[in-house]
Amino acid sequence: MAEAIQEAIKGQEAYRKSLSDNAENLSRSTYVPADAQLRKNLEGLQHLGGYVLTNPTGQKIRVDSMGDGHWGTSREGGKRRHKGIDLSTVVGQPILCPIDGRVMNLKGDNGRIPMLIIYPTIPNPHYDRIEILYTGMLEGVNSGEYRDISVGEPIGIALDLEKVKKKKYKGVPPHAHIQMFKDGECIDPTQFFREINK
Ligand SMILES: [Zn+2]
C-alpha cells in the first residue's frame with residue numbers, strides 16, 4: 001500500500017511539472033527552473049481566466065464496472081445524473097488544493113460524507129465554490145474551520161469509500177468526487193482540468 005501511495009504522489013508531481021511547463025510555454029520571456037517558479041506559474045495560469053486547476057489527485061477520471069466517473073453519466077439506474085467528476089485515488093494519498101483558496105473540512109450529506117469545501121481566494125468569473133468528497137482530514141485540522149491554502153498544497157487524505165458508506169459503496173474503487181458551483185448551480189468541472197480522460 002505504501003508503494004501505491006508513493007506512485008500516486010509521483011503522478012501528482014508529474015502533473016504539476018506539466019502544468020509548470022505549460023506555464024513556461026505561455027511566457028517564455030524569462031526562463032526560471034520549474035521548481036522555483038512552480039507556484040508563480042500556477043498562479044499565472046489561474047489568472048488566465050481560471051481555466052487550469054491543479055488536479056487534486058493527479059489521476060484520471062474513473063471508469064470501472066461500478067460506474068463511469070464522467071460528468072452527466074447515469075446514476076441509480078437513470079434516476080439522476082452525475083453532477084461532478086470522479087478522479088481515481090489510492091487510499092491514503094494526499095489530496096491537493098486545486099486553487100489558492102479558503103478551505104474547510106466537514107461532513108456533508110447529513111454528516112455521512114467527509115468532504116472539503118473550497119472558495120477561491122481571487123474571485124473567479126467561472127466558478128465560486130469547489131467541493132471534494134470522500135476526503136479525510138490531515139492531522140491537526142479541525143472540522144468546520146476555514147483556513148487559507150495555496151494551490152498544490154495537501155488539504156486532505158483519500159478515503160476508502162467502502163468505509164465511508166459500508167453498504168452503498170460496496171466494491172466502489174477509491175476516488176475523489178469533484179463538484180463545482182457557480183451562483184448555486186452545479187457546473188461541469190471537466191473543462192477546468194487537463195489530461196484527466198483515459
Ligand atoms: Zn462522483
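Strands, such as the β14 that appears at the end of this tour, are DSSP runs of E with at least two residues, numbered from the N terminus. The model on display is predicted.

**The whole chain**

Begin with the entire chain selected. Four helices and 14 strands are present, and 36% of the 198 residues are buried. Among contacts with a separation of 6 or more, 66% link residues 24 or more positions apart.

Next, colour by pLDDT. The chain has a mean of 84, and 81% of its residues reach 70 or more. Select residues 26-37, where pLDDT stays under 50 and the model has seven contacts beyond four places in sequence. Where pLDDT is low, predicted coordinates should not be read in detail.

**Strand β7 and its partners**

Select residues 101-107, which are strand β7, together with residues 113-120, which are β8. These two strands pair in the antiparallel sense over seven bridges. To find one point of register, pick N105, whose bridge partner in β8 is L116.

Now add β11, residues 147-149, which runs antiparallel to β7 and is joined to it by three bridges. Here G101 stands opposite I149 of β11.

**The loop before β11**

Move to S143, in the loop between β10 (135-136) and β11. Is S143 buried or exposed? S143 is exposed, because 10 other C-beta atoms lie within 10 Å, and the cut-off for an exposed residue is 12 or fewer. Draw the C-alpha to C-alpha distance from S143 to M104: 7.0 Å in space, for a separation of 39 residues in sequence. Beyond residues up to four places away in sequence, S143 touches N105, L106 and M137. N105 is the residue already seen as the bridge partner of L116.

**A three-strand open sheet**

Select β6, β12 and β10. They form an open sheet in the order β6-β12-β10, with antiparallel pairing. Strands β6 (94-96) and β10 stand at its edges; each has a single partner strand, so one side of each is left without a neighbour in the sheet. Between β10 and β12 (residues 154-158) there are two bridges, and T135 stands opposite A158 in β12.

**The nonpolar core**

Which residues have the most contacts inside the largest nonpolar core? They are C97, I132, I155, A176 and I178, in a core of 34 residues. At least two core residues come from each of β5 (85-88), β6, β8, β9 (129-133), β12, α4 (161-164) and β13 (175-182). In soluble globular proteins, nonpolar side chains tend to be buried together.

Centre the view on C97. Setting aside residues up to four places away in sequence, C97 touches V103, I118, I149, S150, V151, G152, E153 and I155.

Then select β5 and β13, which pair in the antiparallel sense over four bridges. I178 in β13 is the bridge partner of I85. Along β5, I85 and L87 point one way while D86 and S88 point the other, and all are buried.

**The segment after β14**

Finish at I196, in the segment that follows β14 (185-187). I196 is buried, because 21 other C-beta atoms lie within 10 Å and the cut-off for a buried residue is 20 or more. A C-alpha to C-alpha distance of 9.3 Å separates I196 from R62, although the two are 134 residues apart in sequence. Outside its neighbours within four places in sequence, I196 is in contact with N55, K60, I61 and L87. L87 is one of the buried residues of β5.

Methods: Residues are numbered from 1 along each chain as its sequence is written. This is a predicted model: local features need pLDDT of at least 70, side-chain atom pairs count only at pLDDT 80 or more; totals for chains, interfaces and linings use all residues. Two residues are in contact if their C-beta atoms, placed from the backbone, lie within 7 Å. Two strands pair if DSSP finds at least two bridges between them. A nonpolar core is a set of buried Ala, Val, Leu, Ile, Met, Phe, Trp, Tyr and Cys residues joined through C-beta atoms within 7 Å. pLDDT is the predictor's confidence in each residue, from 0 to 100.
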